[in-house]
Amino acid sequence: MHFQLDSATAAYRDEVEAHLSQALTPDMEARVYRSGVSHDDDFTRSLVEKHYFAPDWPEEFGGEDRNAWDAQVLKEELMRFDAPVYLSETTRMVASIIRAVGTPQMRDRILPGAMRGEITIALGFTEPECGSDVAAAATRAVRDGDEWVINGSKMFTTNGHIADYVFLLARTDPGKPKHKGLTMFLVPCATEGFEAQAVWTLSGERTNITFYSDVRIGDEWRIGEIDGGWQVLGLSLQDEHASGWGPHLARLLHHAEQWAMRSSTAHGGRPIDTQDVRRRISRVAMEYEVSTLLQRRCVWMAEEGQIPVAEGPMSKVFSTEALERASQDILELVGPDALRSYLEPTAPERGRFDHTVRFALGTTIYAGTSEVQRTIIAQRGLGLPR
């Protein structure tokens, strides 16, 4: 077992890097940050045109039948460049679920547009009173003939204000145990009774609380069996739990090295020439290496037909907590100047140290908190009791 890239995948990574270096201009970076929305229509179209949107999908769906390693290096480069792809990622994730368990009519209706970047889908899982306990969802969907009437609210519906659909988890049988009375729906955001209100995070990102007030949709928008929503949701959570955040460490490492080599100390030397600076930067480099290997183990397992049930959460927990540790450590290393605002021209590395600290705090919550991930590792990986 080894995780070195073969020459073809390395060449593909270099092609992706070249495209991102050209497409992600400073103006786009500033526009995306100031809007708080990690999505840009022109950038998404550029990914589609280059076949970078879903390269591991079959050609009949707009992909290139590339292997999992090509798809992985694409993800790594997009994350390392901090590309505005969150809405594209959630769209692709839901599209893969529709491809697997959706009706033929839904596949025909959604997949072509989603793969062309013309249809977007946000996630509607978490609720204001439920935190990380997704299965405790109280948003109700009540059958009324051939329609469903939905009432409730969802928290952290990122991009719900611009998406075409929300992939919604709703309770359809309150009399059943909480994992067994849920159903998944694809709710058109243009439906009467849907509303999205902005919620701003510590990193400057806009997410949303979304409200569903007597929202009526036809049964054709149901995904999977009635009361079988937990099984459908599991397809998406498996991908989310296997996420790796190492490329953000790579970006932090790059800026820390640039600062250490270009700046001057009070004594006229460079920070990189001091032992403490080299020690801290080396620690970031080591944690980046471990994060990369943990994530690539998940890719290897998937290629071998294994499901990274515990290994995925291991990758997620380690990489996000390493990012949190490293960003705070580098902030302290750089000193008060590191607190200057993101994109300020005179700030060290244009303020990316401050932004990375604020961003890193949220990564331990996204896609399930570290506590949730550790529970999965303990129960499913180590076989420990609940």
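The expected span of a helix is 1.5 Å times one less than its number of residues. With that rule in hand, welcome to a set of close-ups of a predicted model.

**View 1. Helix 5, checked against its expected length.** Helix 5 runs over residues 86-101, which makes 16 residues. At 1.5 Å a residue the helix should span 22 Å, and its end C-alpha atoms are in fact 23 Å apart, so the two values agree. Look along the helix for its buried residues: L87, S88, T90, T91, R92, M93, V94, A95, I97 and I98. An α-helix has 3.6 residues a turn, so residues three or four places apart point the same way.

**View 2. S88, a buried residue of helix 5.** What puts S88 in the buried class? Its relative accessible area is 4%, and buried means under 20%, so S88 qualifies. Leaving aside residues up to four places away in sequence, S88 touches H39, T44 and F53.

**View 3. D82, in the loop ahead of helix 5.** D82 sits between helix 4 (68-80) and helix 5. Is D82 buried, exposed or partly exposed? With a relative accessible area of 34%, D82 counts as partly exposed, because that class lies between the 20% and 50% cut-offs. Setting aside residues up to four places away in sequence, D82 is in contact with H248, R251 and H355. One of these contacts spans a long stretch of chain: D82 and R251 are 169 residues apart along the chain, yet their C-alpha atoms are separated by 8.6 Å.

**View 4. Helix 8, largely enclosed by the rest of the structure.** This helix covers residues 246-262, 17 residues in total. From its first C-alpha to its last, helix 8 reaches 24 Å, close to the 24 Å expected at 1.5 Å a residue. Why is helix 8 described as largely enclosed? Of its 17 residues, 13 are buried, so the rest of the structure encloses most of the helix.

**View 5. A322, a residue of helix 10 with 0% relative accessible area.** Helix 10 covers residues 311-334, and A322 is part of it. A322 counts as buried because its relative accessible area is 0%. Its contacts, not counting residues up to four places away in sequence, are L249, E287 and S291. V357 makes a handy reference point: A322 and V357 are 35 residues apart in sequence, and 12 Å apart in space from C-alpha to C-alpha.

**View 6. Domain 1 beside domain 2.** The protein is divided into domain 1 (7-84), domain 2 (121-227) and domain 3 (243-382). Taken over C-alpha atoms, the centres of domain 1 and domain 2 are separated by 29 Å. Six residues of domain 1 meet eight residues of domain 2. About 410 Å² is buried between these two domains, with carbon and sulfur atoms giving 55% of that area. Which residues of domain 1 lose the most area to domain 2? They are Y33, G36 and V37, together 70% of what that side buries.

**View 7. Two stretches named in the UniProt record.** For residues 11-118, the unreviewed UniProt entry lists "domain: Acyl-CoA dehydrogenase/oxidase N-terminal". This span is 68% helix and 0% strand, with its end C-alpha atoms 29 Å apart. For residues 122-209, the unreviewed entry gives "domain: Acyl-CoA oxidase/dehydrogenase middle". That second span is 0% helix and 47% strand, and its end C-alpha atoms lie 12 Å apart.

**View 8. N159 and D227, residues with positive phi that are not glycines.** N159 has a phi of about 70 degrees. Its loop joins strand 3 (147-154) to strand 4 (165-171). N159 counts as buried because its relative accessibility is 1%. D227 also has a positive phi, of about 70 degrees. D227 belongs to the loop between strand 8 (222-223) and helix 7 (229-241). At a relative accessible area of 15%, D227 is buried.

**View 9. C130 and C298, two buried cysteines.** C130 has a relative accessibility of 17% and counts as buried, because the cut-off is 20%. C298 is buried too, with a relative accessible area of 4%. How many disulfides does the structure hold? The count is zero.

Note on methods. Residues are numbered from 1 along each chain as its sequence is written. This is a predicted model: local features need pLDDT of at least 70, side-chain atom pairs count only at pLDDT 80 or more; totals for chains, interfaces and linings use all residues. Side-chain values use heavy atoms; hydrogens and water are left out. A disulfide is a pair of cysteine sulfur atoms within 2.5 Å. Buried means under 20% relative accessible area, exposed over 50%, partly exposed in between (1.4 Å probe, protein chains only). UniProt positions are given in the numbering used here, feature names are shortened, and annotations may be inferred rather than shown by experiment. Helices (H or I, at least four residues) and strands (E, at least two) are DSSP runs, numbered from the N terminus. Domain bounds come from an automatic or database domain assignment. Contact means heavy atoms within 4.5 Å. Buried area is the accessible area (1.4 Å probe) that two parts lose on being put together, summed over both.
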